[in-house]
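User: Please take a close look at a single part, the surroundings of the position that the record lists as modified. Then follow the chain outwards from there.

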Amino acid sequence: MQFIETRGNDGIKPSSVTFSEAILSPSASFGGLYVPVQLPTIDTAFLEKHLNSHYKTLALDFLTTFGIDIEEDVLQAALDRYDGFDDPKNPVPLSEIEEDCCVAELYHGPTRAFKDMALQPFGYILAKLAQKRDENYLIMAATSGDTGPATLETFKNQDNVKVACLYPDGGTSDVQRLQMVTEDAPNLKVIGVKGNFDDTQQTLKELLASEDFKAELQTRNIKLSAANSVNFGRIIFQVIYHIHSYLEMMRSGKISMGEKIYLVVPSGNFGNALGGYYAKKAGLPIEKILISSNVNNILTDWINKGEYDLNDRELVLTESPAMDILKSSNIERIMFDKFGAARTRELMENLASEGRFKLAAEELAKLQEDFAASYSDDTECEKEIAKYAQKGYIMDPHTATCMKAYETLREKALPTVIYSTAEWTKFSPTVAKSLGHPVDGDIEALQWVTENTNVSVPPMIHALFHKPIVHTVVVEKDAIKGEMLNFL
Ligand SMILES: N[C@@H](CCOP(=O)(O)O)C(=O)O
């Protein structure tokens with residue numbers, strides 16, 4: 001399988017690359033991204049074959065069908081990382097919360113967020129490639145809370161790889177911050193940035209596209225890659241759990257083969273939703289993908305009106321910080337798929353120069369064939385958390401944004417899978433507040449929620465409060481590059 005570029009080719013970079021090249025060097029021509037030339041087919045035969053498969057068997061078959069240039073023993077070992085999840089046989093359990101609605105819990109890995117689903121195996125593969133080639137890599141990650149911890153966890157103590165993780169100071173939950181600043185390994189650098197997530201991601205994208213920065217790194221014998229969903233190595237693993245969810249719905253008798261379902265995806269950088277879109281395009285019976293946001297609802301406008309406008313918006317800090325994003329990376333891959341490279345380049349260049357673009361009516365109609373969107377503010381989310389707690393299910397604030405999408409966007413009465421992207425333990429003060437017991441800090445909130453509901457706190461979350469803080473650097477945006485070079 002070859003990979004091509006969302007904004008076309010500049011005549012300098014190769015016109016297509018292999019999977020390993022795309023993940024080791026994820027910046028494509030004109031600042032674009034890599035996408036596969038085609039997708040494998042997920043047909044009835046494929047689904048039937050995996051009705052009783054272990055998650056790892058399904059994943060290996062999907063990756064093999066994709067035809068990526070990674071040896072099978074490396075893929076096997078990468079997938080063995082799922083053995084460290086709560087239930088190795090089923091890393092993504094589904095819980096029924098309504099008769100026609102299940103929550104797919106993507107957070108049962110080491111950092112309690114869906115990012116582990118991709119970063120655990122992807123991190124293994126990237127590090128192995130670097131080691132086999134005897135090359136050294138700086139892996140950059142920009143995070144609004146979940147990607148950072150998962151990146152540090154997957155790459156810690158890996159030979160040939162150093163990580164620079166950028167987070168917005170004050171823009172994550174306390175648990176998310178602690179997960180990063182207490183992660184101690186000689187190959188990890190965590191940098192707090194005075195700014196918001198978009199500032200950190202903008203820096204990452206600029207450095208990734210900068211030939212000068214890459215040349216500077218080359219003098220130290222280091223190459224540059226990224227752990228965010230701009231890297232297709234993340235996306236490929238984010239397709240698989242959508243297939244798994246469908247199979248789980250079949251296994252539990254909620255659907256029969258071929259019956260369509262809705263997916264509801266809380267979205268920021270749109271990698272999770274893109275995975276669902278690719279699964280749908282490959283043949284998984286999905287009616288539509290319903291996108292939920294918080295008040296940083298630029299994706300809602302993109303899908304409902306065809307408008308993507310940064311000009312009259314300020315990024316707002318919310319109780320669902322992982323979605324506090326305005327410059328969403330993967331809309332580009334969707335637009336490439338629907339409108340082609342030339343139009344994608346034009347739209348993305350308009351966004352860069354004018355801060356906005358608008359889709360034509362027929363383009364919007366194409367987008368709406370696959371997506372619908374809504375958003376919820378913090379108060380609405382708190383009500384949903386309280387409502388489902390009463391029914392015995394504790395959800396985090398990102399998952400809570402999905403409930404409005406589930407309640408209002410479905411045009412047909414079809415079974416629905418909602419994606420829970422993070423465990424409530426990362427946002428316990430919001431959960432306690434939603435349940436009518438506002439408290440000051442995480443320790444008290446975790447204790448109160450566990451004493452008053454049916455959930456428990458995993459040991460790695462408890463342990464965070466006793467670990468020494470090893471990363472204390474907080475810098476202005478302009479100082480990020482220098483800070484990373486000092487580390488190297
Ligand atoms: N929501 C993310 C932001 C980065 O997204 P990614 O999927 O591109 O890594 C976070 O929690 O860090």
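Analyst: A residue is called buried if 20 or more other C-beta atoms lie within 10 Å of its own, exposed if 12 or fewer, and partly exposed in between, with C-beta atoms placed from the backbone. The model is predicted, so local features need pLDDT of at least 70 and side-chain atom pairs count only at pLDDT 80 or more, while totals for chains, interfaces and linings use all residues. Residues are numbered from 1 along each chain as its sequence is written.

The starting point is Lys115, which UniProt lists, in an unreviewed entry, under "modified residue: N6-(pyridoxal phosphate)lysine". UniProt positions are in the numbering used here, feature names are shortened, and annotations may be inferred rather than shown by experiment. Lys115 counts as buried because 34 other C-beta atoms lie within 10 Å. Lys115 sits in helix α5 (residues 115–133); helices (H or I, at least four residues) and strands (E, at least two) are DSSP runs, numbered from the N terminus. Leaving out residues up to four places away in sequence, Lys115 touches Asp146, Thr147 and Ala150, where contact means C-beta atoms, placed from the backbone, within 7 Å.

On the way into α5, the loop from β4 (101–105) holds Arg112. Arg112 has a positive phi of about 60° although it is not a glycine. Most residues other than glycine have a negative phi. Arg112 is also buried, because 27 other C-beta atoms lie within 10 Å.

The contacts of Lys115 lead to helix α6 (residues 147–155), which lies across β5, β6 (161–168) and β7 (188–194) and runs at about 165° to β6. Axes are lines fitted to C-alpha atoms, for helices over the stretch in contact, and angles run from 0 to 180 degrees between N-to-C directions. Between α6 and β6 is a loop that contains Asn157. Phi of Asn157 is near 60°, again a positive value in a residue other than glycine. Asn157 is exposed, because 11 other C-beta atoms lie within 10 Å.

The strands under α6 belong to an open sheet of 5 strands in the order β8-β5-β6-β7-β15, with parallel pairing; strands pair if DSSP finds at least two bridges between them. At the edges stand β8 (222–226) and β15 (474–476), each with a single partner, so one side of each has no neighbour in the sheet. From one strand to the next the twist averages 30°. β5 (residues 136–142) is joined to β8 over 5 parallel bridges, and Tyr137 has Lys223 in β8 as its bridge partner.

Helix α7 (residues 174–181) is largely enclosed by the rest of the structure, because 7 of its 8 residues are buried. Its buried residues include Val175, Leu178 and Met180. They pack against α6, β6, β7, α19 (442–452) and α20 (459–464).

Next comes the nonpolar core, meaning a set of buried Ala, Val, Leu, Ile, Met, Phe, Trp, Tyr and Cys residues joined through C-beta atoms within 7 Å. The largest one has 153 residues, and Ile139, Cys165, Leu166 and Val264 touch the most other members. Helix α10 (residues 232–251) gives the most to this core, with 11 residues. Apart from residues up to four places away in sequence, the contacts of Cys165 include Ala141, Leu152, Met180 and Ile191. Val264 stands opposite Leu290 in β10. Strands β9 (residues 261–266) and β10 pair in the parallel sense over 6 bridges. In β10 (residues 286–293), 7 of the 8 residues are buried.

Arg251 is also in helix α10, but counts as partly exposed because it has 13 C-beta neighbours inside 10 Å. Its C-alpha atom is 8.2 Å from that of Asn52, although 199 residues separate the two along the chain.

As for the wider setting, the record's unreviewed entry has "domain: Tryptophan synthase beta chain-like PALP" covering residues 107–412. That stretch is 51% helix and 17% strand, with its end C-alpha atoms 29 Å apart.

Note on methods: Contact = placed C-beta atoms within 7 Å.
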